[in-house]
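Got the viewer open? Let's take a short walk along one of the places where chains meet, one selection at a time.

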Amino acid sequence: MAKVKVVGILSHYVGGRGEIEVEGGRSIGEILEGLGIPPALVGIVLLNGKQVEKSHRIEEGDEVKLIPLLGGGKL
Amino acid sequence: MAVYLHADSSKCSGCKACLVACSLAKFGVNNPKKARLAIIPKFPSPGVFEVKTCTNCGTCAEVCPVGAVKVNEKGAYYIDPNECIACMACVKECPEQVIFTHPDYPTPFECDLCGACIEVCGPGVLWIE
Amino acid sequence: MNGYGGKILRVNLTTGQISKEPTPPHVAEKFLGGRGFGIYFLYTEVPKGANPLGPENKLIISSGPLSGTLTPGAGKMDFTTKSPLTGGYASASVGGHLTAELKYAGYDSIIVEGVSPKPVYLYINNDEVELRDASDLWGKGSITVETELKKRLGEEFQIATIGPAGENLVKYACITHDFGRQAGRGGVGTVMGAKKLKAIAVHGTKDIPIADPPALLRLGTEAYKACKASEAFEAWVRYGTAGVTVWSNEVGAFPVRNFQAGALEDYSGLSGETMRQRIVITDKGCFGCPSPCGKYSHSKKYNIYVEGPEYETTALIGGDCALVDIEDVAYANWLCDELGIDSISAGNVIAFAIECFEKGILTKEDTGGLELRWGDPEVVFALLEKIARREGIGDLLAEGVKYLSKKLGENTEAFAIHVKGMEMSGYECHNAPAMLLSYMTCDVGAHHNRSWAITYDLQVGRDLVTPDKVDRVIYLQHVRPLFDCLGACRLQWVELSIDLGLYPPILKAITGIDRSWEDLMKISERVWNLTRMYWVREIEGFGREWDYPPARFYKEPVTYGPTKGKLMNWEDIQRLLDMYYEKRGWDKNGIPTPGKLEELGLTEIVGAGA
């Protein structure tokens, strides 16, 4: 399993959860689709602290952080 | 080892919030030119900041001719303005050059480990140990 | 006056006379400072019809009540003038340490008047102010001059300079400060060059008077802690604005090939992480900022040190000219800094020129044999040098894309990507109505900083042309530039999402004046309407048409990227403007009504200046 941290307003799309366990072996884009989080609202994806593109594949044990890009207002 | 204010210069962004917090905490004024630590920018090359803090080496107390440099309850040296004769020997001899003066005050001043700077430092440059 | 340096410094370059007057409390009350002071002095002191490059124009340099205090991001300075690029209002903001230092010297604004007979620099050391000979600095690059002046005067002096581009009156010349920050847009550097003012050097050691110092220490410290606690803190500090590049390409907001496309085929070479791995050496911050976004970098390939590239430079010099290597963009960035050119306008103009060459409208004869093509860094480097020195084709490119397209004709105006003569910055908006409206109605021309509404378009749906989008634009146009009046950075709120409610108590602790957020937004609306009236006064026939976007956005669909095939609708553009004017209390031609001006307390100022 991989860990996905969902920050700020993005957590609205996953029932308020801030941290979710997902199966590895898929791209970030696929994971977002599965979770129902609009990719356009995810400003930065950090994989183990470094930015990756949404096409990047997640492996077991990875830690992902999804940060919204709101441009002002509550995160 | 004596407790003192450590600085990891490699993390410093040069913002000077520490200097402003210091002046507010110790003198009650907003003026980074009245702070008790120093940031030295090195630009355009190598493009880094060097942070100078008191290492509690005790040189100031050693060189003071009148014993005006004392130790507070935190273990930090401080200059007693009532006894200081403003000879500036401590300022000159401080190996880190972190004893400061300002025209508004008759006597020099140095860090007393109040920690106000640590609270406002974003990158986490400073800590007391 | 608590929170203020206390004096306005007037420098008349024609006569050499220097005078000081107390900062007027009634102006501070109604306009706060920074950009607010800028438009106040511009409107009331620069006569209608003044030549932007002549002695009647003034360069108004202002800090704000938050500048230099214990507030996150308390490091922004405003440069306001009549724009040589657009003929209207210009205001450019720069970070670094200049604004704080000016307050410590005891001043809130410097008003530079007249034209010097010889190159000079302005020396300010607390009460000591003089004009010094700069003939040995004239012709030199900004970074070179800053280095030299710090050597001569001391590291503690804060320096702002123009480069050769400002001296040569390139219409989008900028002012550089702190080894890589710029007051970039609208030709503020051009005005400084026309006045033969090469640099400003400031040093101050005074207290800023504070109404309640213990409260400031407590509230300010709380605000710093809020920044550090933000979930976005680590990403913001790691990448700064460069973190936007990947997202912008992924959603199709990245301008490519003169705003023809919304993404590059391969943008990995431009990403924030690539930049971090290849060139970044220090996270460099402005005064008082806990979340340093400056990515000070060293390129081994070109052996230069540069702060950046920022997202905007990556978008206009990178994407728009189709450069795909961040190190090439970094070198171009350094050239812009040293030569003193706004990298946004420069990238936009160069992209326009490349497209003209592609279409045969510009030929090798025009370019002196240089073959202009997409994705060629050598072309970009060569053109930047030519523009700065007004050599060959550079002389024409130095005038900006609006003038250039009018001169070339052949329907090039349809793809001259500007509004009001200001080249558009880094967000492609064929399919982003809120962002497009932001660009159309921005008060300096097509710049994104007043209202960054692209995320709202993505949040609610790109295709929607609805009243809530207009509401969002107006809201952002009040809250974002408010920070420019306060003399502080807005990015701690924008990027870290700290609570806006933290600011009014801090401002009260500093000034002693109780102002609610609503009070502050009213001041911002006042400033917004006065900047609009400046355009009305200075531009014959100013009105609705001056808010129109380039035809490319409603005539030519996007060629590549997630928004491929998309196009704005002309009727929707008109509808957006109708809604915008109505909500703003302006008439159908986009002119503030007498009722609106009265409501904002502007009747006297506007009446007198008309």
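Start by selecting B:K33 and C:E101 and showing their side chains: in this predicted model, the two meet in a salt bridge, with N to O at 2.4 Å. That pair sits at the interface of chain B and chain C, where the rule finds 3 salt bridges. Add polar contacts to the view and the count between chain B and chain C comes to 19 residue pairs, both partners at pLDDT 80 or more.

Next, colour chain B by secondary structure. Which elements give two or more residues to the side that touches chain C? Look for α1 (17-27), β3 (48-52) and α4 (116-120) of chain B. Zoom in on α1(B), since the largest share of that side, 5 residues, comes from there. Now colour the chain B side by residue type: you should find 19 nonpolar, 9 polar and 5 charged residues touching chain C.

Time to zoom out. Select the whole contact, and you'll pick up 33 residues from chain B and 39 residues from chain C. Switch on surfaces here: the area buried between the two chains is about 2,600 Å², and carbon and sulfur atoms give 59% of it. Then highlight B:N30, B:K33 and B:P44, which supply 22% of the area that chain B buries against chain C, more than any other three residues. Yes, B:K33 is the salt-bridge lysine from the opening stop.

Last stop: show every chain. There are 2 pairs of chains in contact, and chains B and C share the most contacts. What about chains A and B, touching or apart? They do not touch, and their nearest C-alpha atoms are 16 Å apart.

Conventions: Residues numbered from 1 in each chain as written. Chains lettered and ligands numbered in written order. Predicted model: local features only at pLDDT ≥ 70, side-chain atom pairs only at ≥ 80, totals over all residues. Heavy atoms only, no water. Contact = heavy atoms within 4.5 Å. Buried area = accessible area lost by both parts, 1.4 Å probe. Salt bridge = Lys/Arg side-chain N within 4 Å of Asp/Glu carboxyl O. Polar contact = N/O pair within 3.5 Å; in protein donor to acceptor, adjacent residues only side chain to side chain. Helix = DSSP H or I, 4+ residues; strand = E, 2+ residues; numbered from the N terminus. Nonpolar A, V, L, I, M, F, W, Y, C, P; charged D, E, K, R; others polar.
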